[in-house]
Amino acid sequence: MNEHIAQLVALQAIDREIDLIEGKIKSEQNGLDEQISALAKREAVINDLQEKISACEKEVRTLEDEVAEKMNHVRERQSKMMQVQTGREQTALLKEIEDAKKSAKENEEKIISLMEEVEKLKVEAEEEKNLLKGEKQLVAEETEKVRTNIESINKGKKSKDNERRKQAKQIKENLLRKYDTLRERRNGLAVVNVVDGVCQGCYMAIPPQKFNMLLRGDLMFDCPTCQRIMYYTPPVEEE
């Protein structure tokens, strides 16, 4: 195999191990992030319930004030009953009193309904708070566990990073730059084997003449379709 290709293949093997390590770190962090996000959603639910409770309680206070005002009006109208001179005035006052009482009663019914709603919301909020408390404890424990896991994984990554630096130093600068660009643009796969004339990066056939030249093992070619750097490794014969 061409020396430069061999160096790139070795570098890519290291890079793929680093990719796996970084994938594990990302997976650990993502799992924790999902739990933290779930906490935020539950806190939002609790805040929403609290806002509904506050709105209901505010409406209750408004209705109570209205009831008090209407009952004061009833008492004031009742005190005037002794002063009226005509039956017509008495009828008008009585209607006013009945209307006020009816309106006050309707408000009292609304107040009862709202207070029942408040009690229901408070129970729901309390349940959510209890769940949140337990989940926060679990997330705190999980955070510590993830931190320990990532530290352990990072130790292996540092070793691989050092290995990569040493391997990369052996490769010509322009070739390394090309390799890094291909890795970035071709999903982490810059150097690929060719099997039976087919590129193992894009799985497209390469021209037969180019494949025959590749079989010599001393030249470098780019795949005409995906531009990855191609190499050829003879298949291992089974014993």
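**Cores and sheet of a predicted model**

In this predicted model, the largest nonpolar core is made up of 13 residues, and those with the most contacts inside it are Leu8, Leu11, Ile171, Leu176, Tyr179, Val191 and Ile229. At least two residues of this core come from each of helix H1 (3-80), helix H3 (173-185) and strand S4 (229-231), and H3 gives the most, with 4 residues. Apart from this core there is a second, separate one of 12 residues, which includes Ile53, Ala104, Val118 and Ala125.

Tyrosine 179, one of the residues with the most contacts inside the largest core, offers a useful place from which to look around. Once residues up to four places away in sequence are set aside, tyrosine 179 touches Leu8, Leu11, Gln12, Asp15, Arg164, Ala190 and Val191.

Valine 191 leads from the core into the sheet, where its bridge partner in S4 is isoleucine 229; Val191 and Ile229 are both among the residues with the most contacts inside the largest core. The strands to which this pairing belongs, S1 (residues 191-195) and S4, run parallel and are joined by 3 bridges.

Strands of a sheet pair through backbone hydrogen bonds, in either a parallel or an antiparallel manner. Here 4 strands form an open sheet with mixed pairing, in the order S2-S1-S4-S3, and the edges are taken by strand S2 (198-199) and strand S3 (221-222), each of which pairs on one side only. Helix H1, which supplies at least two residues of the largest core, lies across S1 and S4 and runs at about 105 degrees to S4.

Technical notes: Residues are numbered from 1 along each chain as its sequence is written. This is a predicted model: local features need pLDDT of at least 70, side-chain atom pairs count only at pLDDT 80 or more; totals for chains, interfaces and linings use all residues. Side-chain values use heavy atoms; hydrogens and water are left out. A nonpolar core is a set of buried Ala, Val, Leu, Ile, Met, Phe, Trp, Tyr and Cys residues joined through side-chain atoms within 4.5 Å. Buried means under 20% relative accessible area, exposed over 50%, partly exposed in between (1.4 Å probe, protein chains only). Contact means heavy atoms within 4.5 Å. Two strands pair if DSSP finds at least two bridges between them. Axes are lines fitted to C-alpha atoms, for helices over the stretch in contact, and angles run from 0 to 180 degrees between N-to-C directions.
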